[in-house]
Amino acid sequence: MSKLEQFIRNNRQEFDTFDLGSDLWKGIEQKLNEKEKKSIRLLWFQTPMMRYAAAAIIVFVMGYGVFQLGRYSAGGTPEGRVATANPNVTQISPELAQAEAYYTSLINEEKALLDPKEVEALGLKDDFNEDLVVLDSTYKNLKKELVTEPNKDRIIAAMVKNLQLRVEIIRQQIETLQRVNKNQRKEPKSLSI
Amino acid sequence: MEAQVFYDIHQPIIERCRLGDRKAQYEVYKLYSKAMFNVAIRITNNYAEAEDALQEAFLNAFQHITNFKGDSTFGSWLKKIVINQALAVLRKRRVQWSSIEEHDFEETNDSGDEEEMNFQIDTIRNAIQLLPEGYRVVLSLYLLEGYDHQEIAEILNISESTSKSQYSRAKQKLMQLIKK
């Protein structure tokens, strides 16, 4: 190694003499924010768009069903007053039974998208499970009330709301994970050299 | 071992960056921006272009931080990105790397004169900036960024022997410039 090379290598630190004229952080931060927003918006449209539409239709049908049920109860039609020794949801409200089946399959589907290890890694597992457990026990209580409570509209509405909330919680969870993981799927071009 | 210690010091911040933590990203920016800016400016030889390259490099690094597997220090991983961004700027200017014939200076053996010289850092740095583009990049990567010829060959997509000959000519040219 020549003397010049030796000299440069020995004084390596002294060669970093340029100072940044302006703070680039603001620009970097702004672009990071923009890209994150974009990718979240993209996920929103990509995945459950069709399911949201389906959910909206079900809710509409449900609302109509509840409305009809209320009228029947008030009008004293036989269907409105069914109260057998062992009543079930189907008898009280076929629409509610449908909604229950729909949301249960939706919840399971969404849950399958969640990797429990990832949830745990983010430290979200406990909160997440707790929320779902609370919602589940509330739902069971509502179901019991449904048999005895004369004002069934209110109970049915609460039950549907309960199911929707669970789907929402799981979706938020998925979104959080996707946000954290989104970069793993993309290989940056600049690193390929 | 030194590299390992260095790596561990910044590990918690890097981990927070993986989760997209803005504050941690700002910490990383503050830690590395000056050194990385100097890397960029040695390649582009242009203040504004170096700033652009640096901004793109940080963005790129934060967005693809999952690609950092920890098999090198974070600094050297980031430096590779900065170099690639700066080179992208240069490629826009269409730098030719190889052709040995295009420079018309005389090849001389400088080692004798070198012994009598007293080197000044500023003089050397200014001389490096006066080198033709291809020479400046190879010499900077080799002497200042610490890559070997095999690595430079990969980075610049040239052959190892081109890197060696380019470097040796760059060094001679640098000596001439320093003597002026």
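# A guided tour of a two-chain predicted model

Start by selecting B:Ile83, B:Leu87 and B:Leu90 in α4(B), which meet B:Glu133, B:Arg136, B:Val137 and B:Leu141 in α7(B); contact here means heavy atoms within 4.5 Å. Sorted by type, the residues of this contact are five nonpolar, no polar and two charged. In that sorting, Ala, Val, Leu, Ile, Met, Phe, Trp, Tyr, Cys and Pro are nonpolar, Asp, Glu, Lys and Arg are charged, and the others, Gly among them, are polar.

Before moving on, a word about what is on your screen. This is a predicted model, in which local features need pLDDT of at least 70 and side-chain atom pairs count only at pLDDT 80 or more, while totals for chains, interfaces and linings use all residues; side-chain values use heavy atoms, with hydrogens and water left out. Residues are numbered from 1 along each chain as its sequence is written, and chains are lettered from A and ligands numbered from 1 in the order in which they are written.

## Stop 1: the helix pair you just selected

Now show the whole of α4(B) together with helix α7 (residues 133-144) of chain B: their axes come within 12 Å and cross at roughly 175°. That makes α4(B) roughly antiparallel to α7(B), a label for angles over 145 degrees, with under 35 as roughly parallel, 65 to 115 as roughly perpendicular and the rest as oblique. The axes are lines fitted to C-alpha atoms, for helices over the stretch in contact, and the angles run from 0 to 180 degrees between N-to-C directions.

## Stop 2: α4(B) meets another helix

Keep α4 (residues 74-92) of chain B on display and add helix α3 (residues 47-63) of chain B; these axes come within 8 Å and cross at roughly 135°. That makes α3(B) oblique to α4(B). To see who touches whom, select B:Glu49, B:Ala53, B:Leu54, B:Glu56, B:Ala57, B:Phe58, B:Asn60 and B:Ala61 on α3(B), then B:Trp77, B:Leu78, B:Ile81, B:Val82, B:Gln85, B:Ala86 and B:Val89 on α4(B). The residues of this contact divide into 11 nonpolar, two polar and two charged.

## Stop 3: from α3(B) across to chain A

Stay on helix α3 of chain B and pick B:Leu59. Its relative accessible area is 2%, so B:Leu59 is buried; buried means under 20%, exposed over 50% and partly exposed in between, with a 1.4 Å probe and protein chains only. Which residues does B:Leu59 contact, leaving aside its neighbours within four places in sequence? They are A:Ile28, A:Lys31 and A:Leu32. You can also draw a distance from B:Leu59 to B:Gln25, 34 residues apart along the chain, whose C-alpha atoms are separated by 9.9 Å.

Next, go to B:Asn38 in helix α2 (residues 22-44) of chain B. With a relative accessible area of 0%, B:Asn38 is buried. Not counting residues up to four places away in sequence, B:Asn38 touches A:Phe15, A:Asp16, A:Thr17 and A:Phe18. Zoom in on the side chain of B:Asn38: one of its polar atoms lies 3.1 Å from the backbone nitrogen of A:Thr17, and the side chain reaches the backbone oxygen of A:Phe18 at 2.9 Å.

## Stop 4: α8 and α9 of chain B

Select B:Ala153, which sits in helix α8 (residues 149-156) of chain B. B:Ala153 counts as buried at 10% relative accessibility. Beyond its neighbours within four places in sequence, B:Ala153 is in contact with B:Ile158, B:Ser159 and B:Glu160. The C-alpha atoms of B:Ala153 and B:Lys164 are 9.1 Å apart, with their positions 11 residues apart along the chain.

Then choose B:Ser163 in helix α9 (residues 160-179) of chain B. Is B:Ser163 buried or exposed? At 0% relative accessibility, B:Ser163 counts as buried. Its side chain is joined to that of B:His149 by a polar contact of 2.8 Å, meaning a pair of N or O atoms within 3.5 Å; within protein, one must be able to donate a hydrogen and the other to accept it, and residues adjacent in sequence count only if both atoms are side-chain atoms. Besides B:His149, B:Ser163 touches B:Val138, B:Ile152 and B:Ile158, not counting residues up to four places away in sequence.

## Last stop: both chains

Zoom out and colour by chain. Chain A has eight helices and zero strands, and chain B has nine helices and zero strands. Helices (H or I, at least four residues) and strands (E, at least two) are DSSP runs, numbered from the N terminus. Of the 193 residues of chain A, 34% count as buried; in chain B, buried residues make up 54% of 180.
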